[in-house]
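User: Could you take a close look at a single helix in this model, and then set it beside the rest of the structure?

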Amino acid sequence: MLILAIDTALDACAAAVLDTSAGQLIAAESQAMKRGHAEALMPLIARVMKEAGLPFAALDRIAVTTGPGSFTGLRVGLSAARGIALAAAKPAVGVTTLSAYAAPCVGQNGEHPVISAIDARHDHVYFQVVSADGDALIDPRVAPIDEALEASRFGAPHLVGNAARMLADRWPTRALPPSSVDAQAAPDIAWVAWMGAAIDPDTAPPRPYYLRPPDARPSQDLRSKDVHSKNLQGKDLQGQNLQDEDPRSQDLPDQPARPAAS
């Protein structure tokens, strides 16, 4: 199976092609970046595909990270994955960043649990805890760092993710210390690819994985004022068309016709 993996969820822009038959990546590139994923991603994918010597039609599946992560970064990667999948008529699958972080530590014939953690700002983290065999101990959630530290009860863990050092620095002194701390800025693209090859497309859709609503949303008062303003501008509260309704529901005869797609 040939897998194109894409990751723009956090502080990297990365892509790779995995050949599961050969058991290795045949092309990969990763660039550290906090912004600029939209401009960097498609040229990066083109270089990776050229290095692999493959047309997009030869791919069997496209895998992409779905979050938690940067809202803008996630949208860039997901849009690219969906577009390529549609054009190549191949399935696309989503891989969570928390799972991709944890994957290298699972199944190492050890006894240590794995805590994957991502900085959610404001003294919070996105995190999950799995056993050494990958069984869920704490499901993915967003929580204060102090709450995440309660996972120390499971024993000396592998700490992974861009918030791993944050947890390590505040690890309870009464608990067994972490067995390892891997504070990568983004998941290893190779593991995104391997997970993309293993999961079921029917149960892992390529859509954003949010653990909390957006930070910014209008308050109830602002929404009420906005509705009141629209009612006044419409000048008719008895069922006639309001001027500020969704433009898709309005008849706009004076608009020039949109040219037909060539």
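Analyst: A polar contact here is a pair of N or O atoms within 3.5 Å, where, within protein, one must be able to donate a hydrogen and the other to accept it. The model is a predicted one, and the part to examine is helix α6, which spans residues 189–198. At the N-terminal end of α6, aspartate 188 acts as a cap, with a side-chain oxygen placed 2.9 Å from the backbone nitrogen of alanine 190.

The helix is largely enclosed by the rest of the structure, because seven of its 10 residues are buried. Those buried residues are Ile189, Ala190, Val192, Ala193, Met195, Gly196 and Ala197, and the elements that cover them include the strands β1 (2–7), β2 (12–19), β3 (24–32), β4 (61–65) and β5 (92–95), together with helix α3 (97–102).

Turning to the nonpolar interior, the largest core holds 40 residues, of which Leu4, Ile6, Leu41, Ile45 and Ile62 touch the most other members. Two or more residues of this core come from each of β1, β2, α1 (37–52), β4, α2 (71–88), α3, β6 (114–121) and β7 (124–130). Isoleucine 45, neighbours within four places in sequence left aside, is in contact with Leu4, Ile6, Ala15, Phe56 and Ile84. A second, separate core has 18 residues, among them Ile138, Ile145, Leu159 and Ala164.

Serine 21, by contrast, lies in the loop between β2 and β3, and it counts as exposed because its relative accessibility is 67%, where exposed means over 50%. The C-alpha atom of serine 21 is 6.4 Å from that of methionine 1, although the two are 20 residues apart along the chain.

How values were computed: Residues numbered from 1 in each chain as written. Predicted model: local features only at pLDDT ≥ 70, side-chain atom pairs only at ≥ 80, totals over all residues. Heavy atoms only, no water. Buried < 20%, exposed > 50% of the residue type's maximum accessible area, 1.4 Å probe, protein only. Helix = DSSP H or I, 4+ residues; strand = E, 2+ residues; numbered from the N terminus. Contact = heavy atoms within 4.5 Å. Core = buried A, V, L, I, M, F, W, Y, C linked by side-chain atoms within 4.5 Å.
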